[in-house]
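Open the structure in your viewer and keep the sequence beside it. This tour tells you what to select next and what is there.

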Amino acid sequence: MKKRNINILFILPTLICLISSCSKTESYSELLRDEEKAVNWYLAGKNVSIDLPKDSLSFITCETAGDDAPFYRLDEDGYVYMQIVSANYEDKVESGDLVYFRFNRVNLKYLYENIEASPEGNSDYITNGSTSFVYKNTYLTSTTSWGTGIQMPLKYVGYNSEVNLVLRSYYGFYEEQSYCIPYIMNIRYFKPEY
């Protein structure tokens, strides 16, 4: 009888491990793979440029090329791609400047999986004018909570510009980075009125 109890004590933990390893939650690496698949699927049907133009005036915009305007890769790893809708190259944003922005975004994983994806953001709410960040500030929570990806286009365009971004979670909103959800975002940048 004692030998049977000892066998059960060894078998029970093994069964618990097997059952728990069959859970339906994805690992972080699987989430990252799914994110990459969704981004690659979206960009596969687009004009993508790996190289950035030598000067800002050489960017092709939606104003000149329509939907055929390229998505420019903004980082070495391919986590952020920018398509310029309209650009103001004269009123550049400097480090430490306050930037107001309006955005709409759509979950690319939903689009990839053919799930209805409604846009979310603040573009349609005129009364919500407090969405802002301080350009290149890495200390203020009000700035870092939006992630660094939405600031990247300001290296090339200025205030009163509009861009579309394909944004992977690594550079996305801070609170959502662990969910590995990529977005297609439309962002408009505005100068504060004092």
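The stops below go from the whole chain to single residues.

**Whole chain**

Start with everything shown. This is a predicted model. The chain holds five helices and eight strands. Follow them along the sequence and the pattern reads α-α-β-α-β-β-β-α-β-β-α-β-β. Of the 194 residues in the chain, 39% are buried. Turn on the surface next. The chain exposes about 12,200 Å², and carbon and sulfur atoms supply 53% of that area. Now think about contacts between residues at least 6 apart in sequence. Of these, 64% join residues at least 24 apart.

**Colour by confidence**

Colour the chain by pLDDT. The mean is 86, and 85% of the residues reach 70 or more. Where is confidence lowest, and where is it highest? Select helix H1, residues 2–21, for the lowest mean, 51. Select strand E7, residues 162–167, for the highest, 97. Then pick residues 17–22. Here pLDDT stays under 50. The model has zero contacts beyond four places in sequence for this stretch. Where pLDDT is low, the predicted coordinates should not be read in detail.

**Strand E4 and its partners**

Select strand E4, residues 98–107. Seven of its ten residues are buried, so the strand is largely enclosed by the rest of the structure. Which strands does E4 pair with? Take them one at a time.

- Add strand E8, residues 183–190: E4 and E8 pair antiparallel over eight bridges. Find Tyr100, which stands opposite Phe190 in E8.
- Add strand E6, residues 132–134: three bridges join E6 to E4, and the two run antiparallel. Val99 has Phe133 of E6 as its bridge partner.
- Add strand E5, residues 120–121: E5 and E4 pair over two bridges, again in the antiparallel sense. Arg105 is matched with Glu120 of E5.

Stay on E4 and select Arg102, which lies in this strand. Is Arg102 buried or exposed? Its relative accessibility is 14%, so Arg102 counts as buried. Show its side chain. A polar atom there lies 3.3 Å from the backbone oxygen of Asn122.

**Ser132 in E6**

Move to Ser132, in strand E6. Ser132 has a relative accessible area of 16% and is buried. Show what surrounds it. Beyond four places in sequence, Ser132 touches Leu98, Val99, Tyr100, Phe101, Ser142 and Trp146.

**The nonpolar cores**

Now show the side chains inside. The largest nonpolar core has 28 residues, and Phe133, Met185 and Ile187 touch the most other members. Strand E3 (80–86), E4, E7 and E8 are the elements that give two or more residues to this core. Which element gives the most? E8 does, with four residues.

Centre the view on Ile187. Leaving out residues up to four places away in sequence, Ile187 touches Phe101, Arg102, Phe103, Ile150, Ser161, Glu162, Val163 and Leu165. Then look for a second, separate core of ten residues. Among them are Tyr42, Leu43, Tyr81 and Val106.

**Three loop residues**

Select Asp91, in the loop between E3 and E4. At 23% relative accessibility, Asp91 counts as partly exposed. Add Tyr159, 68 residues away along the chain: the C-alpha atoms of Asp91 and Tyr159 are separated by 5.7 Å. Not counting residues up to four places away in sequence, Asp91 touches Gly158, Tyr159 and Lys191.

Next comes Asn114, in the loop between helix H4 (108–112) and E5. Its phi is near 60°, a positive value in a residue other than glycine. Asn114 is exposed, with a relative accessible area of 72%.

End at Cys180, in the loop between E7 and E8. Phi of Cys180 is near 55°, a positive value in a residue other than glycine. Is Cys180 buried or exposed? With a relative accessible area of 0%, Cys180 is buried.

Conventions. Residues are numbered from 1 along each chain as its sequence is written. This is a predicted model: local features need pLDDT of at least 70, side-chain atom pairs count only at pLDDT 80 or more; totals for chains, interfaces and linings use all residues. Side-chain values use heavy atoms; hydrogens and water are left out. pLDDT is the predictor's confidence in each residue, from 0 to 100. Contact means heavy atoms within 4.5 Å. Buried means under 20% relative accessible area, exposed over 50%, partly exposed in between (1.4 Å probe, protein chains only). Two strands pair if DSSP finds at least two bridges between them. A nonpolar core is a set of buried Ala, Val, Leu, Ile, Met, Phe, Trp, Tyr and Cys residues joined through side-chain atoms within 4.5 Å. Accessible areas come from the Shrake-Rupley method with a 1.4 Å probe; for residues, only the protein chains shown count as cover. A polar contact is a pair of N or O atoms within 3.5 Å; within protein, one must be able to donate a hydrogen and the other to accept it, and residues adjacent in sequence count only if both atoms are side-chain atoms.
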